[in-house]
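Work through these exercises with the model open beside you. Try each task before reading its solution.

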Amino acid sequence: MSNQQDQDNINFLIQQLHTSQENLVLKQVAERLGFLGAGNADVINALIDLVCTTQDEPTRWVGIQSLGKIGTDNNDVIQTLIKQLSTVQPPTRRVIAQNLAKIAVCNEQAITTLANLARNTSDEVTREAIAYTLGYIGKGSQDAIQTLIYLIHNSSYDYVRQTSAKSLKRIEDTSQDTINAIVETARTAQEYRTLYTALSILEQIAVGNTDAINKLTEMLLSGNYEPIRNYQKHHGQRLIAQTIAKIDYKTIIRLAENNRSQELIFILAESLGYVNVGHLDAINALIKLLPLPPDEIAISTIVYSLEKIAIGNPDIITVLIEVLPRTHTLIRSAVIRGLSTIGANNQIVLRTLIDLAYNVQDLEERRAIAKAFGKMTVTSSEAVDALIYLMRICDDHYFWRLATETLQKIGIGNKNAIATLIELLPTLKSVDYWDAVVKTLAEIGVGNSAAIAALTETLSTCQDENHRRLLTGLLENMRENQS
């Protein structure tokens, strides 16, 4: 198509913009001009006129989006869209912001106009749109940075502060004023996303920053910092503690060593799990906390943090083994879990859990042991025997699921395990138990003639069609592997 034909098409489309009363037609024409009108002043002027005069918001959106395609660095377009920010409907302001972010990058006139508007409007939707735009066009601009900081300190709208914080991160400013503003965003947050956003930014730009650390510590210790709506108690403090641990582990260790508040122990213990793996000071701080809490939540949290940073640590293994007999049920379950994770390849841990299996009375502890055996990377026939013992005396669906899953890992080819499952199979009434045992027997009994014979006999007497299909498939797999 010749240049003259292109211009004729453009002229025709512009004429339609001026004459048509149909919004559908106007949207189609505006969209088409966004593809054809790059560098054409007449097209830009026609689209500006449409954006400023139409009463239909979807039509205005299309006009704005087309200007966003062809209006890069065009001050008439940029100033028109900025002026529209204060007058159009809230959804349209977001469309304007998104397109200004494309066409006004590093445009000082646009930044200045937006900065002035931010300070002269009390409309929070407009402020949020300005904050969003500055994050894309204001890199390296002190005017943009100071405007975003101003919005954080002067806005009453949580989302404006959140967007401003995100924009400061996007334009990569790490000045003390910015850090202070991000801390203020966290301090005044009313919603989870705002607090999370602010703290995540601080974790990247405030490592070792004394002012930020001190302010966050004050927030943590205030005891009444609960800005998060509809979230569990202490959730805000937990997020703050985790951030402190990431930007200054010494502070969180000091707090853990010196603070004896029962409410804070589990928060501090959890945050210590975010310190670098193997950090001895953090590990020692957790060891000191271990005897203190009277409730299972705190103990479980301490052990969980140790699982994250103290894998294989012999001192922790010794402490947990010593603590084990002195704890009550729920706490003991957490310690069992911790031992099997931290000491997964430790023979002393395995021996401790085997001995415990023959003496434990509580169902939760039996479940914990069944799961622990499956997590260990060292094993023995004695562990299999201990698990079989528990299976014989325990009548619980969840325990049996854990036990059979563990046997599939540690009982492959174990003749005692195979013989026991063959013995138990005819006595089981629960479908859950039956399915679990059948599958486990097939898994650990591959190549074992006794296991194949037992499942074959079970198939010959089975009346349930679903069970027959299961047995048939399992036996086919066992025989294929046997040959």
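**Exercise 1. A bridge between two helices**

Is Glu 257 buried, partly exposed or exposed, and what is its relative accessibility?

Solution. This is a predicted model. Start with the cut-offs: buried is under 20% relative accessible area, and exposed is over 50%. Glu 257 has 31% relative accessibility, so it counts as partly exposed. Next, find its partner. The side chain of Glu 257 forms a salt bridge with that of Lys 288, at 3.8 Å from N to O. Now place both residues. Glu 257 sits in helix H15 (residues 249–258) and Lys 288 in helix H17 (residues 280–289), so the pair ties together parts 31 residues apart in sequence.

**Exercise 2. A second bridge between helices**

Which parts does the salt bridge of Glu 307 and Arg 337 tie together?

Solution. Take the contact first. The side chains of Glu 307 and Arg 337 meet in a salt bridge of 2.5 Å, N to O. Then locate the ends. Glu 307 belongs to helix H18 (residues 296–309) and Arg 337 to helix H20 (residues 329–342), so this bridge ties together parts 30 residues apart in sequence. Check the burial of each end. Glu 307 is buried, with a relative accessible area of 12%. Arg 337 is partly exposed, at 27%.

Elsewhere, salt bridges with shared partners join Arg 351, Asp 355 and Glu 382 into one network. A search of the whole structure finds 18 salt bridges.

**Exercise 3. Glu 57 and its partners**

Describe the side-chain contacts of Glu 57 with Arg 60 and Thr 92.

Solution. Begin with position. Glu 57 is in helix H4 (residues 57–70). Its relative accessible area is 18%, so Glu 57 counts as buried. Arg 60 is buried too. Next, the charged contact. Arg 60 and Glu 57 form a salt bridge through their side chains, at 2.9 Å from N to O. Both residues lie in helix H4, three residues apart, about one turn of the helix. Last, the polar contact. The side chains of Glu 57 and Thr 92 are joined at 2.4 Å.

**Exercise 4. A threonine in a loop**

Which backbone atom lies 3.1 Å from a polar atom of the Thr 121 side chain?

Solution. Locate Thr 121 first. It lies in the loop between helix H7 (108–120) and helix H8 (124–137). With 14% relative accessibility, Thr 121 counts as buried. The atom sought is the backbone nitrogen of Asp 123.

Now look at a residue of helix H7 itself, Arg 119. Arg 119 is partly exposed, at 35% relative accessibility. Compare its separation from Asn 448 in sequence and in space. The two are 329 residues apart in sequence, and their C-alpha atoms are 81 Å apart.

**Exercise 5. Two surface patches**

Which residues gather in a patch of positive charge on the surface?

Solution. The members are Lys 166, Lys 169, Arg 170 and Arg 193. Sort them by helix. Helix H10 (residues 158–170) gives the largest share, three residues. Arg 193 is placed in helix H12 (residues 192–205). Then check its exposure. Arg 193 has a relative accessible area of 42%, which makes it partly exposed.

Now turn to a nonpolar patch. Tyr 358, Tyr 389 and Ile 393 make a nonpolar surface patch of about 260 Å². Tyr 389 is in helix H23 (residues 381–393). Tyr 389 is partly exposed, at 31% relative accessibility.

**Exercise 6. Positive phi in two loops**

Where do Asp 73 and Glu 172 lie, and what is the phi of Asp 73 and of Glu 172?

Solution. Recall the background first. Most residues other than glycine have a negative phi.

Take Asp 73. It is not a glycine, yet its phi is positive, about 60°. Asp 73 lies in the loop between H4 and helix H5 (75–84). Its relative accessibility is 48%, so Asp 73 counts as partly exposed.

Now Glu 172. Its phi is also positive, about 60°, although Glu 172 is not a glycine. Glu 172 is in the loop between H10 and helix H11 (176–187). With a relative accessible area of 55%, Glu 172 is exposed.

Terms used
Residues numbered from 1 in each chain as written. Predicted model: local features only at pLDDT ≥ 70, side-chain atom pairs only at ≥ 80, totals over all residues. Heavy atoms only, no water. Patch = residues over 30% accessible without salt bridge, like charges linked within 9 Å, V, L, I, M, F, W, Y side chains within 5 Å. Areas by Shrake-Rupley, 256 points an atom, 1.4 Å probe, with all protein chains shown as cover. Salt bridge = Lys/Arg side-chain N within 4 Å of Asp/Glu carboxyl O. Lys, Arg positive; Asp, Glu negative; His and termini not counted. Charge placed at Lys NZ, Arg CZ, Asp CG, Glu CD. Helix = DSSP H or I, 4+ residues; strand = E, 2+ residues; numbered from the N terminus. Buried < 20%, exposed > 50% of the residue type's maximum accessible area, 1.4 Å probe, protein only. Polar contact = N/O pair within 3.5 Å; in protein donor to acceptor, adjacent residues only side chain to side chain.
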